Amino acid sequence: MLDANQQNFDEVVIAASHQQPVLVDFWAPWCGPCRALGPVLERLELDMAGQFRLVKINSDESPQLSAQYQVRSIPFVLLFRDGKPVDRFVGALPEGQIRTFLAKHLPRPGDDHIQQAQKAVAEQRFDEAAQHYSTALAINPAQDETRIVYVRVLLKLGRAKEAQLAFEPLKAKAGTDTATAAVAQLLLAAQAASDISETDCRAVLEISPDSLDARLKLAQRLMLNEQWQAAMDECLTIIGRDRKFADDIPRKTMLAVFELCGDPQLVGTYRRRLSAGLY
């Protein structure tokens with residue numbers, strides 16, 4: 001635990017936060033909750049063996065820092081990473097809540113592999129990304145967001161069976177979490193469209209334009225290929241002809257695309273079109 005003020009703040013907080021997270025506790029001697037919180041933070045710093053640095057600032061003696069970081073009530077705790085405040089809490093929280101607060105920001109086992117995987121995805125080296133994600137999950141399986149990305153990478157590589165196995169720990173959450181439900185729908189699309197190409201689907205529709213089954217498989221194939229708008233157009237065509245076709249899969253497919261495509265303007269447009277088609 002270190003004390004900081006206006007003179008040494010840049011050194012003990014800003015510069016230090018580039019090496020490890022820094023937890024800054026704004027307090028004052030007259031503040032009862034501050035006196036309760038301080039020992040808890042100090043104990044956590046020791047218990048967590050240097051995973052973060054604790055810095056205490058007397059807000060009465062450092063009014064400029066208090067004003068700069070908009071400290072209106074104490075205790076006021078800021079977490080710094082890479083030179084910037086990234087999270088905060090106010091008041092003397094219980095130790096369990098503080099541990100949860102810290103866990104969001106402290107390095108976790110396997111994080112180095114996740115970083116390498118993210119870089120590989122950005123450079124479209126998907127086989128390498130899959131290897132790093134697999135290693136990260138083997139080290140620390142309880143990372144739902146990482147698992148979701150890993151499943152999507154496997155599907156992009158056409159490794160549907162591996163994707164299905166990787167998704168198993170998330171299955172129970174598919175009914176309550178929208179991101180997980182979207183990936184479940186993506187897996188369903190991979191299974192449904194595994195035996196037919198986009199070209200084959202279009203060939204069937206040339207002969208039988210009223211075949212909703214062929215149109216649904218086309219939509220699912222387009223979804224797998226991340227041709228989001230084309231996939232939604234096909235779904236809307238199906239919904240216009242049969243709102244409940246195939247156990248409502250066209251609507252569910254559109255909801256999955258809304259979650260996956262990452263284009264708010266496109267999603268907004270097609271949400272309105274879906275609503276108009278349903279009602």
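## Surface and burial

The protein chain exposes about 14,800 Å², and carbon and sulfur atoms supply 50% of that area. Keep in mind as you look around that this is a predicted model. Turning from the surface to the interior, 45% of the 279 residues in the protein chain count as buried.

Charges come next. The protein chain carries 32 positive and 36 negative charges. Take the mean position of each set, and the two points lie 4 Å apart.

## Overall shape

How does the radius of gyration of the protein chain stand against that of a compact globule of 279 residues? Such a globule would come out near 19 Å, whereas the protein chain has 25 Å. The C-alpha trace adds to this picture, spanning about 80 × 40 × 30 Å along the principal axes of the protein chain.

## Fold and contacts

If you trace the secondary structure, you will meet 14 helices and five strands in the protein chain. Contacts can also be sorted by how far apart the partners sit in the sequence. Among those with a separation of 6 or more, 61% are between residues 24 or more positions apart.

## Strand E2 and its partner

Let's finish with one strand, E2, which covers residues 22-27. Why is E2 described as largely enclosed by the rest of the structure? Five of its six residues are buried, so the surrounding structure largely encloses this strand.

E2 also has a neighbour to look for: strand E3, residues 53-58, runs parallel to E2 and is joined to it by six bridges. For a specific pair to pick out on screen, try tryptophan 27, whose bridge partner in E3 is asparagine 58.

Key:
Residues are numbered from 1 along each chain as its sequence is written. This is a predicted model: local features need pLDDT of at least 70, side-chain atom pairs count only at pLDDT 80 or more; totals for chains, interfaces and linings use all residues. Side-chain values use heavy atoms; hydrogens and water are left out. Helices (H or I, at least four residues) and strands (E, at least two) are DSSP runs, numbered from the N terminus. The radius of gyration is taken over C-alpha atoms; the globule rule is 2.2 Å times the number of residues to the power 0.38. Buried means under 20% relative accessible area, exposed over 50%, partly exposed in between (1.4 Å probe, protein chains only). Contact means heavy atoms within 4.5 Å. Accessible areas come from the Shrake-Rupley method with a 1.4 Å probe; for residues, only the protein chains shown count as cover. Lys and Arg count as positive and Asp and Glu as negative; His and the chain ends are not counted. The place of a charge is taken as NZ of Lys, CZ of Arg, CG of Asp or CD of Glu. Two strands pair if DSSP finds at least two bridges between them.
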